[in-house]
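Reader: Please take me through one part of this model in detail. I would like the surroundings of a bound ligand, then whatever else helps place it in context.

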Amino acid sequence: MTNPAPASFWTQANALLRKNLTFQKRNVKTNVQLVLFPVFLCLLLFALQRFIDTQIGGSAFKCGCVCANNTTREHSHCPDSQKVCGVQYSDSLQAAFCAIPNPIEWPPLLQLPAPSSRAVRTPSLPLSDLPDASCRRTDSCPLTLLFTAQNHSFAKNVAANMFGSALSVSDFGSDFLASLAMNVLGSESPPWGNNFIEIAFSSGDPIYYLQKKCTDTEKSGLSFPSLPAADNEIKCAQALNLWRNSSSEINGELYKGYQTGNTDGQVNEIVSAFDFLNSNRNRYNVSIWYNSTYKQGTGFSSNVLLRIPRSINLLSNSYLQFLLGPGTKMLFEFVKEMPKPETSFRLEISSLLGTMFFTWVILQLFPVVLTSLVYEKQQKLRIMMKMHGLGDGPYWMISYGYFLAISIIYMLCFVIFGSLLGLKIFTINDYSIQFVFYFIYINLQIALAFLVASIFSNVKTATVTAYIGVFGTGLLAGFLFQFFVQNTSFPRGWIIVMELYPGFALYRGLYELAQFSFEGSSSETGGMKWQNLSESTNGMKEVLIIMFVEWIMMLFAAFYVDQVLSSGSRKGPLFFLKGFQKRPPFQKLDAQMPVSKVFSQMEKPDVIQEKEKVEQLLLEPTINHAIVCDDLKKVYPGRDGNPDKYAVRGLFLSVPQGECFGMLGPNGAGKTSFINMMIGLTKPTSGMAFVQGLDIRTQMDGIYTTMGVCPQHDLLWESLTGREHLFFYGRLKNLKGSVLTQEVEESLESLNLFHGGVADKQVGKYSGGMKRRLSVAISLIGDPRVVYMDEPSSGLDPASRKNLWNVVKHAKQNRAIILTTHSMEEAEALCDRLGIFVNGNLQCVGNAKELKARYGGTYVFTMTTSSDHEKDVENMVQKLTPNANKIYHLSGTQKFELPKGDVRITDVFQAVDAAKRNFTVSAWGLVDTTLEDVFIKVAREAQAFDTLS
Ligand SMILES: *[C@@H]1O[C@H](CO)[C@@H](O)[C@H](O)[C@H]1NC(C)=O
Ligand SMILES: *[C@@H]1O[C@H](CO)[C@@H](O)[C@H](O)[C@H]1NC(C)=O
Ligand SMILES: *[C@@H]1O[C@H](CO)[C@@H](O)[C@H](O)[C@H]1NC(C)=O
Ligand SMILES: *[C@@H]1O[C@H](CO)[C@@H](O)[C@H](O)[C@H]1NC(C)=O
């Protein structure tokens, strides 16, 4: 069979895609759970919204009915006869939501301080013209107004016209308001957001009329017949117009009026103050002080109508009377709103609470992507795929596209379902803005996951960290970041800096969408449109730009880090410059490695011969030799003061096509380090190796296309079947169509994975031996030129092992195989040549027979007798050869090594026959040296030497 060309980009991508799809099919449960999460959350919000709607919508926050007698709202207790429906001015909420086609005319009022806080004489304000503090006890303090001007007499004359001395009121029709306008009315009730209802008349606070002087008779018998809900007490209050020499004096007095401004801890409020400036008969130029504290309303009326107009009218009217005489009146009769339709209040829970929830929902994808990436890394599946020829390009394209597809489906479910439930944040904002925003974000999130995945090597750590990150980000954003965004005095620059963190950028975007939907749900314009992006308060534009730029940068960073880290540091941090760099010079580290020199003096002729062969091969390269290692070394730098560890100390090795080279050696001898270098997991410290003529330092990607690896630990996907594994790796090796099917069937058959439906069972259900056989099948599929098998038969039952041996024997005919094993039987059965590797050095090379002849040189003679005759046996052996060496002795059984040169086998048989006549021999044996003996001997010698040096 001919070796197929390396798989193209699209073939690799196709193979990976098919594998991922199958993988996903098995993963359906997790995926459904993932997609159901936003659905669940939307349902939760929907239920919450319904609950709130029925709570607030049912009664208070829309136009309804009230109970006539007690002003409590309509509940089940109210009998029908007492129900009054439509606008009720006694109920400010009712008035706010009902239709009002004919708004009521309200008399204009002055804003007055409450009796207990009206200005009086105090130690810190010892002005003689202020009233004595005793008036507070009877709630009869006068109301103080201050004035100043450049022309004292002028200002005094004008101020004298402000307040009358008798109450003027008429009881009938429109004359009523006109007559009221002759008086100066005021209230201490805080103002309200509109004039559909003058809250002062329904608040129960008294209405004051201001006079120069109050006489007791005027204090009762007054009502407001044409004003609904006006059953206030009507009281007279004295107005005190006080002259001050300058406006700065007024300022000082106002300041001391505040609790913080004086020392006696009392509030001293004045009604208002006027400065007539340079006014005179021909010029009217006034400034007015008023208390604006009231404008910070509470509850639904965040913007209130301050009661200022009446004070302006008061001044103008006085000035007019000063000019034209007391008969002239400029009346301010009433204030009246425009008519309005019925409105209802809706609290958009998705806009209000949603931002943090939605941030969580979308961030939720991050741990999912991260976990999946780290899983492939932790299980070494990524490197396994790479070793079988999967390039980085297809891997990135398919993985990225795959996560993108999952994210898009997730977000689609989220938005569609939220829209179906009518959550305003989805329905009211422009869908194209939402699409762009979510699309950029999920891309950024995937790129970030790729970057972060390189930090983690453990799925559990990654998952836990990611979820902590997700919830922490949501909370921080909801309680800290939002505070900064809303606080207009916080520097915008810092907010942008915070938005560089993707979680906050996401939050900001959602926040803006929520703001628009919250405002939009109560007005007609509603929702964010593209033209809103240019508004300076709208953070969406900056968020989109930041996220887009970050996405591109993350993508590059992630790719770069992946190249440096995941390839097992084969590529340096500046790998992309390698085209400009010269090839690293051939390094000889001998000067730094004196130990190696000592060893080379000790080297055996077979090892030296191998070295010479390698040097010969390097001079005249031939493709015939699949593997050529030239002085390969691996040194792990010592940490924490430990000396450097020499894992491989200069290895010369050549393996031709068609040979199976067995690597024996005790644990920790450096076999795995050697194989890791050859398969590109680690980089050699010095030296070179060529696989099929390609340099392992620079052309690993080329080597991967003709390489097969059966790693020591099975690297398999638990949820894929054996057949699916073989199809995947077969496709990576560019097998197609019927050839692929045929190869897969053949390898299943040959490795005994075909029967009983094993091939179509998920690998998670395989026994250890089945997994092992599958790993071997994977390493051989697609006819690789070079195959590394790290203890392929460990954990196999004898039958399977025989089976496996047959496969390997068959496979080695047209490729080079390097095999490590601890089973001497296996080494002898499979390998054409063997090398024993101890302490990072090849101790001997050759086929099993040569090694045995060279290192064996003895027979092992065993004899078991009763313990009385042990001495006899010893004597007998002594007679055979004085050089015999007892190596084992236990309750009657003894083992001796007999040098081959000293004894002939016939002598031994004769001696045993003679012995049998003298005493009872229960068993005896004579064997040639086994490979195991050789191995133990070589290892022991090398280690003994090592401890000596
Ligand atoms: C001040 O105003 C009075 C009128 O009230 C006027 O007679 C007088 O001339 C004014 N004084 C000055 C300095 O303008
Ligand atoms: C205001 O000015 C008048 C005359 O210029 C003076 O008699 C009076 O003491 C001043 N009042 C104050 C509080 O300074
Ligand atoms: C302004 O009104 C507020 C609210 O009633 C009050 O607490 C404050 O003392 C007033 N300030 C002055 C200078 O009268
Ligand atoms: C009104 O008074 C202010 C402050 O004294 C002054 O700057 C301004 O010129 C005056 N306006 C007129 C029209 O005289």
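Author: The shell around ligand 3 divides into three nonpolar residues, two polar ones and one charged one. This is a predicted model. The residues that surround ligand 3 are Tyr258, Val267, Glu269, Asn291, Thr293 and Tyr294. By class, Tyr258, Val267 and Tyr294 count as nonpolar. Asn291 and Thr293 count as polar. Glu269 is the charged member. Glu269 also makes a polar approach to the ligand: a polar side-chain atom of Glu269 lies 3.2 Å from an oxygen atom of ligand 3. The cut-off for a polar contact is 3.5 Å. Now the cover. On its own, ligand 3 has 360 Å² of accessible area. The protein covers 74% of that.

Ligand 1 offers a second case. Its surrounding residues are Asn151, Ser153, Phe154 and Asn157. That shell divides into one nonpolar, three polar and no charged residues. Phe154 is the nonpolar one. Asn151, Ser153 and Asn157 are the polar ones. Asn151 comes up again in the distances: an N or O atom in the side chain of Asn151 is 2.4 Å from an oxygen atom of ligand 1. Taken alone, ligand 1 exposes 360 Å². The protein buries 34% of that area.

Next, the helices. Two packed helices are described by the angle between their axes and the distance between the axes. Take helix H10, residues 354-363, and helix H16, residues 459-486. They pack at an angle of about 155 degrees, and their axes are 9 Å apart. Angles over 145 degrees count as roughly antiparallel, so H10 is roughly antiparallel to H16. The crossing of H10 and H16 is right-handed.

Helix H13 covers residues 392-420, and helix H19 covers residues 540-565. Their packing angle is about 135 degrees, with the axes 12 Å apart. That angle makes H13 oblique to H19. The crossing of H13 and H19 is right-handed.

Conventions
Residues numbered from 1 in each chain as written. Chains lettered and ligands numbered in written order. Predicted model: local features only at pLDDT ≥ 70, side-chain atom pairs only at ≥ 80, totals over all residues. Heavy atoms only, no water. Near = heavy atom within 4 Å. Polar contact = N/O pair within 3.5 Å; in protein donor to acceptor, adjacent residues only side chain to side chain. Areas by Shrake-Rupley, 256 points an atom, 1.4 Å probe, with all protein chains shown as cover. Axes fitted to C-alpha atoms, helices over the stretch in contact; angles between N-to-C directions. Helix = DSSP H or I, 4+ residues; strand = E, 2+ residues; numbered from the N terminus. Parallel < 35°, antiparallel > 145°, perpendicular 65-115°, else oblique. Left-handed = near helix turned anticlockwise from the far one by under 90°.
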